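Hi there,

Here is the structure I promised to pass on to you. Have a look at it first, and then read my notes below.

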Amino acid sequence: MLARWVGRVAERWLSRKQIEPPIIMLVVRLLRLLVFGLSAVLALDKCGVPITPMVAGIGVAGVGVGLATQGVLSNVVAGLTIIFVKPFRVGEYIEILGIHGQVARIELFSTTLAHADRSRVVIPNRKIVGEVLHNYGTIRQLDLAVGVAYGADINQALTVVREILDQNPRVLKDPAPVVGVASLGDSSVNLAVKPWVAVGDFGAVGTEINQAVLEQFRARRIEIPFPQREVRLLGGASLAAAA
């Protein structure tokens, strides 16, 4: 009962201090175990049980348990490092070890990433600490492209694309979208369309913008060319005579 009471008091106090939930959980459990262990030792001492040999035995057993669970303990230490250093927070989009996703949960033993297809990736914390981490934050930049014919009015096409981005409520106004001529291809002038969106809107916005660009270009008669090749046959007359 005393251990539960101490745990509740500590949990309320730490919650008012706005401590991270995993830290609160760890501190509360440690306090409960400490109070319960001290109470058990005092009770055994009152019953005449020799405490010194027991403490020595617990110490030896603790060394063995520590060696057997060093992988688990390393996850805990790495989890505490993540919680205190805060290289990323819940809701941010990260990429590490070739795995990417939105941070859904940070716990003492593992970190959970969520994907747009509703799948989840659970990464042991010891695999995160010490590795190169790419943190996108809470927004991402789409990398879209559209080709227009060389005979089309480029300024008109860019204006149409900017209007589409302005009208889409998911596209962020700050940072401003990047729209311009990306490259000169074999069959088209390729326009870069790079708006910023929230992490949760990353998949949906791309399809909406592509559809709107196609519809508006057709309505304003801005040609989107398909790849073409012009083949010229040299020496055609001599070949025909030989045939």
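A definition to begin with: I call it a salt bridge when a side-chain nitrogen of Lys or Arg lies within 4 Å of a carboxyl oxygen of Asp or Glu. Please bear in mind that this is a predicted model, in which local features need pLDDT of at least 70 and side-chain atom pairs count only at pLDDT 80 or more, while totals for chains, interfaces and linings use all residues. Residues are numbered from 1 along each chain as its sequence is written, and side-chain values use heavy atoms, with hydrogens and water left out.

Salt bridges

Searching the whole structure gives 4 salt bridges. In one of them, glutamate 107 meets arginine 105, with 3.0 Å from N to O. For accessibility, buried means under 20% relative accessible area, exposed means over 50%, and partly exposed is in between (1.4 Å probe, protein chains only). Glutamate 107 is partly exposed at 33%, and arginine 105 is partly exposed at 40%.

Then there is arginine 170. Which residues are linked with it in a network of salt bridges? They are Asp201 and Glu208. The closest N and O atoms of arginine 170 and aspartate 201 are 3.1 Å apart. Arginine 170 sits in the loop between α5 and β8, and aspartate 201 in the loop between β10 (196–198) and α6, so this pair ties together parts that are 31 residues apart in sequence. Helices here are DSSP runs of H or I with at least four residues, strands are runs of E with at least two, and both are numbered from the N terminus.

The salt bridge between arginine 170 and glutamate 208 also has an N to O distance of 3.1 Å. Glutamate 208 belongs to helix α6, and this pair links distant parts of the chain, 38 residues apart. The members of the network are partly exposed: arginine 170 at 31%, aspartate 201 at 21% and glutamate 208 at 29%.

The sheet and its helices

Next, an open sheet of 3 strands, antiparallel in its pairing and ordered β7-β9-β8. Strands count as paired if DSSP finds at least two bridges between them. At the edges are β7 (144–148) and β8 (178–184), each pairing on one side only. From one strand to the next, the twist averages 30°. Between β8 and β9 (residues 189–194) there are 6 bridges, and valine 179 has valine 193 in β9 as its bridge partner.

Helix α5 (residues 154–167) lies across β7, β8 and β9, at about 140° to β8. Helix α6 (residues 202–219) packs on the sheet, touching β7 and β9, and its direction makes about 15° with that of β7. Angles run from 0 to 180 degrees between N-to-C directions, with axes fitted to C-alpha atoms (for helices, over the stretch in contact). Contact means heavy atoms within 4.5 Å.

Valine 205

Is valine 205, which is found in helix α6, buried or exposed? It is buried, with a relative accessible area of 0%. Leaving out residues up to four places away in sequence, valine 205 touches Leu142, Asn168, Arg170, Val171 and Val197. That list includes Arg170, the residue linked with Asp201 and Glu208 in the network. Valine 205 and proline 195 are 10 residues apart in sequence and 9.3 Å apart in space, C-alpha to C-alpha.

Best wishes
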